[in-house]
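Me: I would like a close look at one part of this model, namely its aromatic residues and how they are arranged. Could you take me through that part slowly, with the reasoning spelled out?

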Amino acid sequence: MIDDSLLLLFPEFLDTKPEVFSIEDLQDLDQTLALLQSNPPENLEEIIRKWFKERLTIRDEFRKFEKQRKELGKVPPTEPIQPDRLFNWFQELRQQVKDKLNSKRNGEQGTGNRE
């Protein structure tokens, strides 16, 4: 089950701030999600947090995004993603990552990096 509200905000961040992600970041995220989707481990949230820690620019931008959302009062309380919904959450997020990756490959420039 995913109950970290920051992780639940991630799809919106990806949709709103695609310029933060490089093609390499999106490829790596897609691979990570593919592994987790088929067999979500108990430490799922920690694996995703680790992915963020390896990408300081994305992590910092995500923190700014989350803080702005809180200040604007647009972050509604979210229910944890239950185990029966988890597979769909991965599928939806992974499809979103693939769409952004295809978009970048088709000519959009990204500025994300792995610091």
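Reply: What follows is a walk through the aromatic residues, ending with an acidic neighbour. Please keep in mind throughout that this is a predicted model.

The structure holds 11 aromatic pairs. One of them joins Phe10 and Phe52, whose rings meet edge-to-face, with 5.2 Å from centre to centre and 85° between the planes. This pair links distant parts of the chain, since Phe10 lies in helix 1 (residues 5-16) and Phe52 in helix 3 (residues 44-53), 42 residues apart. Phe10 has a relative accessible area of 4%, and because buried means under 20%, Phe10 counts as buried; Phe52, at 6% relative accessibility, is therefore buried by that rule too.

Another pair is formed by Phe13 and Phe65, and here the arrangement is tilted, with 5.4 Å between the centres and 55° between the planes. This pair also links distant parts of the chain, as Phe13 belongs to helix 1 and Phe65 to helix 4 (residues 56-72), 52 residues apart. Phe13 is buried, with a relative accessible area of 0%, and Phe65 is buried as well, at 5%.

These four residues are also members of one aromatic cluster, which is made up of Phe10, Phe13, Phe21, Trp51, Phe52, Phe62 and Phe65.

Trp51 leads us on to Asp28, a residue of helix 2 (residues 23-38), because the side chains of Asp28 and Trp51 make a polar contact of 3.1 Å. The side chain of Asp28 makes a polar contact with the side chain of Arg55 too, at 2.3 Å. Asp28 has 19% relative accessibility, which is under the 20% cut-off, so Asp28 counts as buried.

Terms used:
Residues are numbered from 1 along each chain as its sequence is written. This is a predicted model: local features need pLDDT of at least 70, side-chain atom pairs count only at pLDDT 80 or more; totals for chains, interfaces and linings use all residues. Side-chain values use heavy atoms; hydrogens and water are left out. Helices (H or I, at least four residues) and strands (E, at least two) are DSSP runs, numbered from the N terminus. Buried means under 20% relative accessible area, exposed over 50%, partly exposed in between (1.4 Å probe, protein chains only). A polar contact is a pair of N or O atoms within 3.5 Å; within protein, one must be able to donate a hydrogen and the other to accept it, and residues adjacent in sequence count only if both atoms are side-chain atoms. Rings of Phe, Tyr and Trp (its six-membered ring) pair if their centres lie within 6.5 Å; planes under 30 degrees apart count as stacked, over 60 as edge-to-face and the rest as tilted.
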